Amino acid sequence: MRKLTGLHQQRGLAAIEFSLVAPIMFLLIFATAELGRMLYQYNALTNAVRDAGRYLSDRAYEGNTGIPTLTESVKNRASNLIIAGNTLGQNELLPGLTNADIQYSLNGEMVTVAVSYNWTPIFSDTLFSASGTSAVSLNFPMQVSYTMRASQ
């Protein structure tokens, strides 16, 4: 019988170490990617809400009344600006963002746009327990609002 020396004793150890470390490494990589994606979408939502607030504040004094109002057509174009990034509504900036998520208010001369968007991770929207009976939702509510004075 031969006695195993240093190199022969190490054979296969790298594969075992990789199989122990790989799940943790992949979890960290995917979690970092999801966090980056969430921050990117939050930034896109914030910019879209700000653009819509500016759009509404510029158009609140349409007509000759001298009183700020938000017409439905202006609200619809602002909604398209938030959802699609343009007033025509041709694209989709954030998946699942709808008109129901957008609220407008006019308090005196102050125009407020508020959006509540339910962010969903791309890899999994629910994390199941070991038994498979209960679920933990990984959705994250993003709430953005912007207030601006209506300009004449």
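Which residue in β5 does Thr 112 stand opposite? In this predicted model, the partner is Thr 147. The close-ups below start from the sheet and work outwards.

**View 1. Three strands make an open sheet in the order β1-β2-β5.** The pairing here is antiparallel. β1 and β5 sit at the edges with a single partner strand each, so one side of each goes without a neighbour in the sheet. On average, and ignoring direction, neighbouring strands are turned by 15 degrees against each other.

**View 2. β1 and β2 come together as a hairpin.** Strand β1 covers residues 102–107, and its antiparallel pairing with β2 runs over six bridges. Look for Ser 105, which stands opposite Thr 112 in β2. Two residues lie between the strands, and Gly 108, in the turn, has a positive phi of about 65 degrees.

**View 3. On its other pairing, β2 meets β5.** Strand β5 spans residues 140–149, runs antiparallel to β2 and is joined to it by 10 bridges. Val 111 has Met 148 as its bridge partner in β5, and Thr 112 faces Thr 147 across the same two strands. Thr 112 thus turns up twice in these views, opposite Thr 147 in β5 and opposite Ser 105 of the hairpin.

**View 4. Side chains along β2 take turns between two faces.** Strand β2 is made of residues 110–119. Val 111, Val 113, Val 115, Tyr 117 and Trp 119 point to one face and are buried. Met 110, Thr 112, Ala 114, Ser 116 and Asn 118 point to the other face and are not buried.

**View 5. Two helices meet the sheet strands.** Helix α2, residues 13–59, packs on the sheet and touches β1, β2 and β5. Its direction makes about 25 degrees with that of β5. Helix α3, residues 72–84, lies across β1 and β2 and runs at about 135 degrees to β1.

**View 6. Here's a closer look at Trp 119, in strand β2.** How buried is Trp 119? Its relative accessible area is 5%, and because buried means under 20%, Trp 119 counts as buried. Leaving aside neighbours within four places in sequence, Trp 119 is in contact with Glu 34, Arg 37, Met 38 and Gln 41, and also with Leu 138, Asn 139, Phe 140 and Met 142. Tyr 42 is 77 residues away from Trp 119 in sequence, yet the C-alpha to C-alpha distance is 8.9 Å.

Definitions and conventions:
Residues are numbered from 1 along each chain as its sequence is written. This is a predicted model: local features need pLDDT of at least 70, side-chain atom pairs count only at pLDDT 80 or more; totals for chains, interfaces and linings use all residues. Side-chain values use heavy atoms; hydrogens and water are left out. Buried means under 20% relative accessible area, exposed over 50%, partly exposed in between (1.4 Å probe, protein chains only). Helices (H or I, at least four residues) and strands (E, at least two) are DSSP runs, numbered from the N terminus. Two strands pair if DSSP finds at least two bridges between them. Contact means heavy atoms within 4.5 Å. Axes are lines fitted to C-alpha atoms, for helices over the stretch in contact, and angles run from 0 to 180 degrees between N-to-C directions.
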